[in-house]
Amino acid sequence: MTEFLQHIVDGLSLGAIYALIALGYTMVYGVLQLINFAHGDVFMLGAMVGWYASARWTGEAKSPSIWGAVLVALFSMIVCGLVGFVIERLAYRPLRSSPKINSLITAIGVSFFLEYGGQYVFGPNPRAFGVLPRHPNHVYAGINIGYVDVVTIVTSIVLMFVLQRIVFHTRMGTAMRAVSWNPQVAALMGVNVDVVISFTFVLGSVLAAVAGILYASKYPSVHPLMGLMPGLKAFVAAVLGGIGNVPGAMLGGFLLGLAEQLVSGYTSSSWRDAVAFGILILILLVKPSGLLGKGTTEKV
Amino acid sequence: MSFAAGSALRQMSRVARSWLPFFICIPILWLIEKNLAVLPDWEYAFQNINHIGIAIILAVSLNLVNGLTGQFSIGHAGFMALGGYVSAVIMMRGPEEDPYRLFFIVAVLCGASTAALAGYIVGKPSLRLRGDYLAIVTLGFGEIIRVIIENTPFFGGAIGLSPIPHRADFAWIWAVVIITLLVAKRLRDSTHGRAFLSVREDEVAAEAMGIDTTGYKVRAFVISAFFAGVAGALSGAFEGNLAPQSFTFVRSFEIVAMVVLGGMGSITGATIAAVVLTILPEYLRALANLRMVIYSVALIVLMLVRPRGLLGTRELWDFLRKKLPPFKPDDRAGALIDVRSATIRFGGLTAVSDFSLQVKPRELIALIGPNGAGKTTVFNLLTGVYPPTDGSIRVMGRDTRGLAPHDIAHLGVARTFQNIRLFRELSAYDNVRIACHHLTSESMAAAVRHGDLSVREETWISDRAQELLNVMGLSARRDELAKNLPYGEQRRLEIARALATGPQVLLLDEPAAGTNSREKIELMELIRSIRDRFGVAIVLIEHDMKLVMGVSERILVLDHGVTIAKGLPREIQSNPKVIEAYLGEKYAKEHAAQIAAAGGPA
């Protein structure tokens, strides 16, 4: 039982990170019907920028504090937001009216560019990451709860509430929903579609940056290919919850984190990657619109 | 009637010709192998040449799915791994010596068949998904295959398999390259190839033309996986070892890059790109760290500047084409469409309710009604795009419940679309030829072999397509891309395409939309002449009441999904309900007397 609860705690902490990344996928898909393959790499970039920033300002050597971590996170969010903006502007916007397969190929291209460009600049080896202060784990009834896990879960839940407010209670959020419903009509109603799409990318990238820093603090290391697997899994989480659906992405993230942690806990950790894709295939076969999504049919 | 011996001789010569490229190449390959490849100076060069060969097999096979069929798979390395590992396991347990390489061939075929089987298992469920979902699922499957191999001690785990007997050399690899290219080219040029293309261009229209789109997607996927398996087996037997690390997502991506760079759908393009992308890294060794960066930038720039790839869908051999003689249409009749009380609801909205219609042979029926009356929905019901919520639809005496659109097209119902749905990137000629697809019976194997039936059917298809283009006045436009035709010609091409399916009922969805009044009259004449010439029954959707009065024999009027009137044109004209639907209640009441006088006994 203790072991099970331990897996639940670890799963929730991992799931919170997946959920944060999944939100970026889901929002971009919602407005553009595009899978932003590069999203996982923006997540990596967030961690990498965090590494550089903390090495300069608040790193291990300079006694990390929670406020230092917030500062680093803010810096990384700004950089990633800008990168997200530039990616959309240069790589996706010119292709918006061309077949979807082209955008998909470009997205894969951007993803590889960030990964291998990162490898060229940063070097292929992992580097230690310590932006959060070290605290001993809390132990309740034999269950280990790390300081990082607490910070991760709390941060993610707060950010999700903020996002929910943005999407449903602001002018920009309303515009986002309008564009996702029908960009042409939204444009006719006076919504500046370009601005909305840029905003969506920036918002998603900012969340990915936070997720990157949390993830890097959890497994305290950073490397250029770290975005690949979490990125793909977060996509699975988005599909699981119903792509284009904000609460769905959160639900999917937590479920996937739990499933993965339980499987790797009770069998072998080498199967953890297969779990996510197994879930993906299953959900696409059984309910392609996801747990909370609505089905659509093509109009003839 | 010719002598049996003569026809047998001709048959033999055709078989010989279909295998000719192969017979010419084998001795040449063998000579090169014996005289050049064994020299130590050439070892490095031939190592590269063999890598190129394997890359060509991979690129050309993936092109079948990503290029021709327009699906997007990025898990090709998984199938390659499967073929490689299965064949390697068999070879490592095989005899020491394999003088005629028979055992090797068996092992390769086993590996490739396993990959094909996996392709079927993956493709069957996931090909229902659209482009980007499919991409992720194939990626997922590719990764799962790798994870499984990595965790199976039988396959050598993370270390991999070695030593695998060196059975594949230059001659073997390139013989397979030639087979792959021949299969790809002949499939592409056959009616099956056009079926693949139609799936890429417009699935709904392809279904309406009688093409089983899911079936063709799965077939493309299976064939592609088979060849990926062959490539994996060759790679293992050439290198002497296999490691799971060489079958990651990056490998799949390299293959995708070849297909995209060469031009999605072009076999020659994929081949050239495979050659270039295999040689290039050898010369960029100094930049090894930047290789993937260069790849990705090249891909992004290419998508922005030349989104169709270097060669687009064209082939180098597209410049060699022949002229074709005319043909005679066949004339058949039978029981046609019988709809009884069909109703369809979308959620709470009843789009069409209690709709009944009997179409008799050679009849010309018009379906009219204001915007949103449910006219197109009726066509969608008849062609099986939507199943009815209630009621029954029988086509040629057969209940269509549970039939896919292509099954109904096979029964003899063809349609055009209100918003033209041609295969835009294909020529007018190919648009019509695709529609002949379901009338043929050649197998894919026959198409590849250039078998007797397949040759005769190809000629028949070409003749038929040519004839239909003539009838619709489009013969001069034969080789133009559908998207480049002017609007009116596109509409006529759509009719030609529908006729090519050999229908007994032709459903025309607003063929006159967007034409001026004189063109409309000409079009109605054309429709009448089509009916007389091809002996088909026609159901016509049209807004313009006046127009249909002249041409049709029976009229149905729909309003808000309800059939408000049916009968002869004269009766419809004076029907107060119809006037109300068209002109509003108030007008109908005010002008009741006038209408009665005008529409009464004519």
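What is the mean pLDDT of chain B, and how many of its residues reach 70 or more? I looked this up before anything else, since this is a predicted model. Chain B averages 83, and 91% of its residues get to 70 or more. For chain A the mean pLDDT is 85, with 95% of the residues at 70 or more. I also jotted down the scores for the model: ipTM is 0.79 and pTM is 0.74.

**Entry: where the confidence goes up and down**

I went through the elements of each chain. In chain B, helix α10(B) has the highest mean pLDDT, 93. The lowest in chain B belongs to helix α25, residues 592-599, with a mean of 58. In chain A, helix α8 (residues 193-218) has the highest mean, 93, and strand β2 (residues 138-140) the lowest, 75.

I put a pencil mark beside residues 321-334 of chain B, where pLDDT stays under 50. The model has 17 contacts beyond four places in sequence for that stretch.

**Entry: chain A**

I counted 11 helices and four strands in chain A. Its C-alpha atoms fill a box of roughly 60 × 45 × 35 Å along the principal axes. Then I checked the radius of gyration. A compact globule of 300 residues would come out near 19 Å, and chain A has 19 Å, so the two agree.

I found that 52% of the 300 residues in chain A count as buried. I also looked at contacts with a separation of 6 or more: 77% of those in chain A are between residues 24 or more positions apart.

**Entry: chain B**

Chain B has 25 helices and 10 strands. Its C-alpha atoms take up a box of roughly 100 × 65 × 45 Å along the principal axes. Of its 602 residues, 49% are buried. For contacts between residues at least 6 apart in sequence, 77% join residues at least 24 apart.

The domain assignment splits chain B into domain 1 (44-247), domain 2 (333-412 + 503-602) and domain 3 (426-502). I noted that domain 2 is written as two pieces, 333-412 and 503-602, with domain 3 given as 426-502.

**Entry: domain 1 against domain 3**

How far apart are the centres of domain 1 and domain 3 of chain B? Over C-alpha atoms, 31 Å separate them. They do touch: 14 residues of domain 1 of chain B are in contact with 20 residues of domain 3 of chain B. On the domain 1 side, the elements giving two or more residues are α7 (170-189) and α8 (191-201) of chain B. Helix α8(B) has the largest share there, seven residues. I sorted the domain 1 side by type and got six nonpolar, five polar and three charged residues.

**Entry: where the two chains meet**

Next I looked at chain B against chain A. Here 32 residues of chain B are in contact with 31 residues of chain A. On the chain B side, α5 (102-126), α6 (131-150), α11 (249-262) and α13 (291-305) of chain B each give two or more residues. Of these, α6(B) gives the most, 10 residues. The chain B side divides into 23 nonpolar, seven polar and two charged residues.

**Entry: the largest nonpolar core**

A background reminder for myself: in soluble globular proteins, nonpolar side chains tend to be buried together. The largest nonpolar core in this model has 284 residues. Ala19(A), Ala59(B) and Met258(B) touch the most other members. Helix α10 of chain B, residues 213-239, gives the most to this core, 16 residues.

I zoomed in on Met258(B). Leaving aside neighbours within four places in sequence, Met258(B) is in contact with Ala55(B), Ala59(B), Ala270(B), Ala273(B), Ala274(B) and Leu277(B).

**Entry: a look at Asn241(B)**

Is Asn241(B) buried, exposed or partly exposed? I found Asn241(B) in the loop between α10 and α11 of chain B. Asn241(B) counts as partly exposed, because 15 other C-beta atoms lie within 10 Å, while 20 or more would make a residue buried and 12 or fewer would make it exposed.

Which residues does Asn241(B) contact, leaving aside its neighbours within four places in sequence? The list is Gly160(B), Leu161(B), Ser162(B), Pro163(B) and Ile164(B). I checked one of them, Leu161(B): Asn241(B) is 80 residues from Leu161(B) in sequence and 5.5 Å away in space, C-alpha to C-alpha.

Technical notes
Residues are numbered from 1 along each chain as its sequence is written. Chains are lettered from A and ligands numbered from 1 in the order in which they are written. The radius of gyration is taken over C-alpha atoms; the globule rule is 2.2 Å times the number of residues to the power 0.38. Two residues are in contact if their C-beta atoms, placed from the backbone, lie within 7 Å. Domain bounds come from an automatic or database domain assignment. Ala, Val, Leu, Ile, Met, Phe, Trp, Tyr, Cys and Pro count as nonpolar, Asp, Glu, Lys and Arg as charged, and the others, Gly among them, as polar. A nonpolar core is a set of buried Ala, Val, Leu, Ile, Met, Phe, Trp, Tyr and Cys residues joined through C-beta atoms within 7 Å. pLDDT is the predictor's confidence in each residue, from 0 to 100.
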